[in-house]
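This report describes the fold, the helix packing and the charged contacts of one protein model. Please consult the sequence and the structure alongside the text.

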Amino acid sequence: DSLPKTGGLLKRSGYEIIMASISLSIDEVNNLSYEEFVSVFGSLFEQTPLISAAVWSHRPFESRESLYNALCNFVDSLPKAGKEGLLRCYPDLAGKLAHHGTLTPESTAEQRTAGLLELSTAEQSELDSLNEAYKQKFGFPFVICARENKAAAIIAGLKLRQNHSAEEEVKEAIGQVCRIAWHRLANLALDSSGAAAKL
C-alpha cells in the first residue's frame, strides 16, 4: 500500500534516521549523509548493510530504479563466494528464527504475508525437511521472494529448485534476493512520479 510521508525521526544504531513509514523522494535520498543512507537502506539485503554502503558514493541517483540497479549491479559483481555469503545471511523460511521471534522486522512481515508463520504441523514438517535437504546440497538457505508467493508455491518452488545445479541455483537465489530488495526499497523511496509503492 502507499505509505504516508511524515516528518518523524527514529534513533537506530546511534543515528537519527527516517522512519520506515516515510517514503523519500529521490532528492531526499541523494541528500542523505553516508550514515543516514546506510541506516535507511542497510536492511534492503538481509543483515548486509555493506551493499548499501557500497553504493552511497554512486549518488546522485536519477530515480528509485537507478538506485535499485546500482544495488543489484553491485551484488551481481560479487564473486561466487561473495554471493553465497550473502545468501547465508538470509533465514530459513519458517525456521528456528521465525519460531523464536528473532527474525528481522522485514523478514517477519514478509514471511507472515506468505502465510509461513501459520503453517499446519504437516506443512511445517515438510518445509523443515525440504529446507534441510536444500542446505545440504547448496550450502546456503533457500531464498525466495515471500511477498510474491504463498506457502504452497514456496514449497513447490523448493522442491523444483532442488534439481538445479549449484551455478543455476546461485543465479536464481540472487535474483530472488534482488526481488526482496526491490519490495523493501519500494516502501522507502518514491518513484519518479512521486508515488510510493503499491505492493
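A residue is called buried when its relative accessible area is under 20%, exposed when that value is over 50%, and partly exposed in between. By this scale Arg88 is partly exposed, because its relative accessible area is 45%. The model under discussion is a predicted one.

**Overall architecture**

The protein chain contains 10 helices and two strands. In sequence order the elements follow the pattern β-β-α-α-α-α-α-α-α-α-α-α. The chain has 199 residues, of which 45% count as buried. About 10,000 Å² of the protein chain is exposed, and carbon and sulfur atoms supply 54% of this area. Among contacts between residues at least 6 apart in sequence, 63% join residues that are at least 24 apart.

**Helix α4 and its surroundings**

Helix α4 comprises 14 residues, 64–77. At 1.5 Å a residue it should span 20 Å, and its end C-alpha atoms are 20 Å apart, so the expected and modelled spans agree. The buried residues of α4 are Arg64, Leu67, Tyr68, Ala70, Leu71, Cys72 and Val75. The spacing of such positions can be read against helix geometry: an α-helix has 3.6 residues a turn, so residues three or four places apart point the same way. Which elements cover the buried residues of α4? The cover includes α1 (26–30), α2 (34–41), α3 (50–55), α5 (80–87) and α10 (166–186).

**Salt bridges**

Side chains of opposite charge can pair when their charged atoms come close. The structure has eight salt bridges under the criterion applied. Three of them are described here, with the N to O separations tabulated below.

| Salt bridge | N to O distance |
|---|---|
| Glu84 and Lys80 | 2.5 Å |
| Arg88 and Glu84 | 3.7 Å |
| Arg184 and Glu110 | 2.7 Å |

Glu84 takes part in a salt bridge with Lys80 and in another with Arg88. Glu84 and Lys80 are four residues apart in helix α5, so about one helical turn separates them. Is Glu84 buried or exposed? Glu84 counts as buried because its relative accessibility is 14%, whereas Lys80, at 49%, counts as partly exposed.

The pairing of Arg184 with Glu110 has its closest N and O atoms 2.7 Å apart. Arg184 lies in helix α10 and Glu110 in helix α7 (residues 105–113), so this salt bridge ties together parts that are 74 residues apart in sequence. Both Arg184 and Glu110 are buried.

**Glu46 and the charged network**

Glu46 joins Glu110 and Arg184 in a network of salt bridges. Glu46 is located in the loop between α2 and α3, and its relative accessible area of 3% places it among buried residues. The side chains of Glu46 and Arg184 are also joined by a polar contact of 2.9 Å. Which residues does Glu46 touch, apart from its neighbours within four places in sequence? They are Cys89, Tyr90, Pro91, Thr104, Ser107 and Arg184.

**Cysteines**

How many disulfides does the structure hold? The number is zero. Cys89, one of the residues in contact with Glu46, is partly exposed, because its relative accessibility is 29%. Cys145 has a relative accessible area of 1%, so it is buried.

**Backbone features**

Most residues other than glycine have a negative phi, and most peptide bonds are trans. Two places in this model depart from that general pattern. Gln47 is not a glycine, yet its phi is positive, at about 55 degrees. Gln47 is found in the loop between α2 and α3. Because its relative accessible area is 57%, Gln47 is exposed, whereas Glu46, in the loop between α2 and α3 as well, is buried at 3%. The other departure is the peptide bond that joins Arg59 and Pro60, which is cis, with omega about 0 degrees. Pro60 is placed in the loop between α3 and α4.

Conventions:
Residues are numbered from 1 along each chain as its sequence is written. This is a predicted model: local features need pLDDT of at least 70, side-chain atom pairs count only at pLDDT 80 or more; totals for chains, interfaces and linings use all residues. Side-chain values use heavy atoms; hydrogens and water are left out. The expected span of a helix is 1.5 Å times one less than its number of residues. Buried means under 20% relative accessible area, exposed over 50%, partly exposed in between (1.4 Å probe, protein chains only). Contact means heavy atoms within 4.5 Å. A disulfide is a pair of cysteine sulfur atoms within 2.5 Å. A salt bridge is a side-chain nitrogen of Lys or Arg within 4 Å of a carboxyl oxygen of Asp or Glu. A polar contact is a pair of N or O atoms within 3.5 Å; within protein, one must be able to donate a hydrogen and the other to accept it, and residues adjacent in sequence count only if both atoms are side-chain atoms. Accessible areas come from the Shrake-Rupley method with a 1.4 Å probe; for residues, only the protein chains shown count as cover.
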